[in-house]
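The following dialogue works through the reading of one structural model. A learner asks how to interpret its features, and a teacher replies.

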Amino acid sequence: MSLTVTTPHSEAAAPELAPRERETLKHIAAGCTYLQAARNMGLSRHTVDAYLRRIRAKLDINTTAELTRLAISLGM
């Protein structure tokens, strides 16, 4: 028996993301906390939170695990 994990999100979703949203996604997928991502990007934690809310809204994603899975599927 094999387990197949599918995601409703495809590489077609990537162009919907602004460059800073993509950068934020990369940091979160790499395991950074919101604060760590903010520091790495020279932003406030609140700005990173806003980017992640926009990503979730654009791509209909609810969890950090889904964000990470998307980033991996996009080769981030």
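**Reading a helical chain**

Q: What share of the residues in the chain is buried?
A: Of the 76 residues in the chain, 33% are buried. The model is a predicted one.

Q: How is the surface described, and what share of it do carbon and sulfur atoms supply?
A: The exposed area of the chain is about 4800 Å², and 53% of that area comes from carbon and sulfur atoms.

Q: How many helices and how many strands are there in the chain?
A: The chain holds four helices and zero strands. Read from the N terminus, the order of elements is α-α-α-α.

Q: What share of the contacts with a separation of 6 or more joins residues 24 or more positions apart?
A: Such pairs account for 54% of those contacts in the chain.

Q: How should one read the packing of helix H3 and helix H4, and at what angle do they pack?
A: An angle between axes from 65 to 115 degrees counts as roughly perpendicular. Helix H3 (residues 45-59) and helix H4 (residues 64-73) pack at about 75°, and their axes are 11 Å apart. H3 is therefore roughly perpendicular to H4.

Q: Which residues make this contact?
A: H3 contributes Leu52, Ile55, Arg56 and Leu59, while Thr64, Leu67 and Leu70 come from H4. By character, the residues of the contact of H3 with H4 comprise five nonpolar, one polar and one charged.

Q: Is Glu21 buried or exposed?
A: The term buried applies under 20% relative accessible area. Glu21, a residue of helix H1 (residues 19-29), has a relative accessibility of 1% and so counts as buried.

Q: What does Glu21 touch, leaving aside residues up to four places away in sequence?
A: With those residues set aside, Glu21 touches Glu16, Tyr51, Arg54, Ile55 and Lys58. Ile55 also belongs to the H3 side of the contact with H4. In addition, the side chain of Glu21 reaches the backbone nitrogen of Ala18 at 2.8 Å.

Q: How does one classify Glu23, and what is its relative accessible area?
A: Partly exposed residues fall between the limits of under 20% for buried and over 50% for exposed. Glu23 lies in helix H1, and its relative accessible area of 27% makes Glu23 partly exposed.

Q: With which side chain does the side chain of Glu23 make a polar contact?
A: The partner is the side chain of Arg20, at 2.8 Å. As for Val48, 25 residues from Glu23 along the chain, the C-alpha atoms of the two residues are 9.9 Å apart.

Conventions
Residues are numbered from 1 along each chain as its sequence is written. This is a predicted model: local features need pLDDT of at least 70, side-chain atom pairs count only at pLDDT 80 or more; totals for chains, interfaces and linings use all residues. Side-chain values use heavy atoms; hydrogens and water are left out. Axes are lines fitted to C-alpha atoms, for helices over the stretch in contact, and angles run from 0 to 180 degrees between N-to-C directions. Helices (H or I, at least four residues) and strands (E, at least two) are DSSP runs, numbered from the N terminus. Angles under 35 degrees count as roughly parallel, over 145 as roughly antiparallel, 65 to 115 as roughly perpendicular and the rest as oblique. Contact means heavy atoms within 4.5 Å. Ala, Val, Leu, Ile, Met, Phe, Trp, Tyr, Cys and Pro count as nonpolar, Asp, Glu, Lys and Arg as charged, and the others, Gly among them, as polar. Buried means under 20% relative accessible area, exposed over 50%, partly exposed in between (1.4 Å probe, protein chains only). Accessible areas come from the Shrake-Rupley method with a 1.4 Å probe; for residues, only the protein chains shown count as cover. A polar contact is a pair of N or O atoms within 3.5 Å; within protein, one must be able to donate a hydrogen and the other to accept it, and residues adjacent in sequence count only if both atoms are side-chain atoms.
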